[in-house]
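Okay, thanks for coming, everyone. Let me put the model up and walk you through a few spots in it.

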Amino acid sequence: MRVLLVSTYDLGRQPFGLASPAAWLRRAGSEVDCVDLSREPLSDETIQQAVLVAFYLPMHTATRLAAPVIDRVRIVNPDASVVAYGLYAPLNAGWLRERGVSHVLGPEAEGELVALANSHSPTPTAQLPQRGEIPRLQFIQPDRSTLLPLQRYAALQMPDGSTRTVGATDATRGCKHLCRHCPIVPVYRGAFRAIPVDVVLEDVRAQVSAGAQHISFGDPDFFNGPAHARRVVERLARECPGVSYDVTIKIEHLLKHAEMIPLLRDTGCLFVTSAVESIDPVVLERLRKGHTRADFVTAVALCRDAGVHLSPTFVPFTPWTTTTGYVELLDLLAALGLEEDVAPIQLGIRLLVTADSALLELDEIRQGVGAFDAASLTWPWRHRDPDVDHLQAEVMRRVGSLPGASRLEVFDAIDALAREVARVPRRSSRASLSRLAAPHLTEAWYCCAEPGPDIANFV
């Protein structure tokens with residue numbers, strides 16, 4: 001039984017979503033090919049050899065990029081069973097089935113993939129699990145043996161100009177929280193799963209042996225299980241001394257577990273990504289974020305005092321955005337000295353309303369979106385103020401036209417543009433809080449949105 005696992009894009013990381021099912025499938029006796037299309041081509045010969053072709057769809061961009069490849073697989077090997085799995089597969093189940101995908105699985109798909117592979121073998125040994133709740137898996141160490149070297153993926157850019165080879169893993173899956181715009185919510189519905197610490201550290205050690213100097217944890221919120229998080233980072237520091245890492249944590253959890261921020265620093269955490277999304281109270285309430293502008297400011301101070309960079313991400317363009325509110329966001333980032341901590345792409349992100357988004361609970365969203373667009377896999381919307389849509393488009397053009405500029409230079413260009421559109425005076429001087437360059441990955445992080453219609457320019 002030969003299985004082909006395909007990833008189209010995973011934020012510049014070596015795909016955990018290929019490594020984990022590869023381990024399960026190989027343990028069950030299948031031959032497995034793994035292809036990451038963000039870094040390597042897929043040959044017709046590889047497609048023709050597969051009995052089962054499974055596409056890993058962890059995010060919106062990956063799903064859109066998969067469409068022409070699914071079509072190609074159907075032409076090159078019409079006898080192959082085509083499967084889609086990952087967070088965005090169940091969210092787009094109807095669209096995928098229309099393209100010829102025979103099985104649509106969720107993000108906890110390893111056991112189901114094994115069952116499907118076994119169903120094609122002469123002596124099936126397992127049945128496909130019952131549909132319904134997300135299965136509880138007995139996690140095992142991912143198998144990265146046939147994936148491309150870590151050096152082919154995004155690196156960590158350090159303030160002194162040096163780079164570090166990056167590995168990536170997950171310590172948990174799912175999320176406790178119910179943010180309306182988050183794609184995790186319709187699938188996990190407030191559930192999360194902790195991966196055993198031993199399994200996490202086995203994966204980390206394997207990547208360190210392969211050259212990783214920094215580990216990027218892909219958990220939606222590393223503090224969903226704070227006791228589990230503590231065990232993971234303490235083991236990491238003890239067993240892999242000198243290896244740094246980064247995590248993603250909600251503002252709400254940074255405040256609730258503030259005593260753990262020094263622990264992050266002491267165990268090698270260089271920066272914390274946090275989905276701040278907005279500083280506007282109306283937007284924060286609509287998105288059900290669970291924090292305020294003041295909470296964000298407090299979190300910045302807590303991280304800075306502990307010596308850990310806070311890397312905020314945003315969805316600054318929403319149906320509730322105003323041009324003056326956008327300038328206010330830029331003013332606050334400058335006042336806090338965060339210009340170098342925010343990836344420029346974050347200042348141009350536009351809210352996505354996806355197929356089963358919890359945003360559709362809001363009357364103003366349901367009444368304000370157009371017909372579902374199968375090309376973009378979204379419910380499209382336009383802002384009632386054309387200046388806001390114009391500003392968003394121009395910000396994205398600025399980001400795309402300044403690839404070699406520093407974050408500070410791009411921030412200044414966006415700031416000047418925003419003030420012109422909002423018809424407010426230009427900034428007279430730079431705040432004294434501006435910091436040195438922050439450590440960051442060389443491919444920008446984004447989750448609940450994508451850069452724009454021309455996604456190929458950004459991935």
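Let's start at glycine 218, which touches Arg13, Thr169 and Asp170, leaving out residues up to four places away in sequence; contact here means heavy atoms within 4.5 Å. Before I go on: this is a predicted model, so local features need pLDDT of at least 70 and side-chain atom pairs count only at pLDDT 80 or more, while totals for chains, interfaces and linings use all residues. Numbering runs from 1 along each chain as its sequence is written, and side-chain values use heavy atoms, with hydrogens and water left out.

Back to the glycine. Glycine 218 sits in the loop between β10 and α9 (226–239); helices (H or I, at least four residues) and strands (E, at least two) are DSSP runs, numbered from the N terminus. Is glycine 218 buried or exposed? Neither, really: at 29% relative accessibility, it counts as partly exposed, where buried means under 20% relative accessible area, exposed over 50%, and partly exposed is in between (1.4 Å probe, protein chains only).

Glycine 218 also comes up at the largest cavity, being among the residues nearest its centre, along with Leu87, Ile184, Asp219 and Pro220. A cavity, on a 1 Å grid over the protein atoms alone, is a set of points where a 1.4 Å probe fits but cannot get out, and lining residues have an atom within 4 Å of a point. The largest one holds about 920 Å³, with grid points joined across faces, edges and corners and the volume being the space filled by probe spheres set on the points. Its lining counts 49 residues, and α1 gives the largest share, 4 residues.

Next door in sequence, phenylalanine 217. In the largest nonpolar core, 103 residues, the ones touching the most other members are Leu5, Phe217, Phe222 and Phe296. A core is a set of buried Ala, Val, Leu, Ile, Met, Phe, Trp, Tyr and Cys residues joined through side-chain atoms within 4.5 Å. Another core, of 39 residues, lies apart from it and includes Ile47 and Val185.

Last stop, the sheet. Five strands form an open sheet in the order β2-β1-β3-β4-β5, paired in parallel; two strands pair if DSSP finds at least two bridges between them. β2 (31–36) and β5 (103–104) are at the edges with a single partner strand each, so one side of each has no neighbour in the sheet. Helix α1 (residues 16–27) packs on the sheet, touching β1, β2, β3 (52–56) and β4 (81–85).

Notes: Axes fitted to C-alpha atoms, helices over the stretch in contact; angles between N-to-C directions. 1 Å grid on protein atoms, 1.4 Å probe; cavity = no way out; pocket = protein on both sides within 12 Å on 5 of 7 lines; lining within 4 Å.
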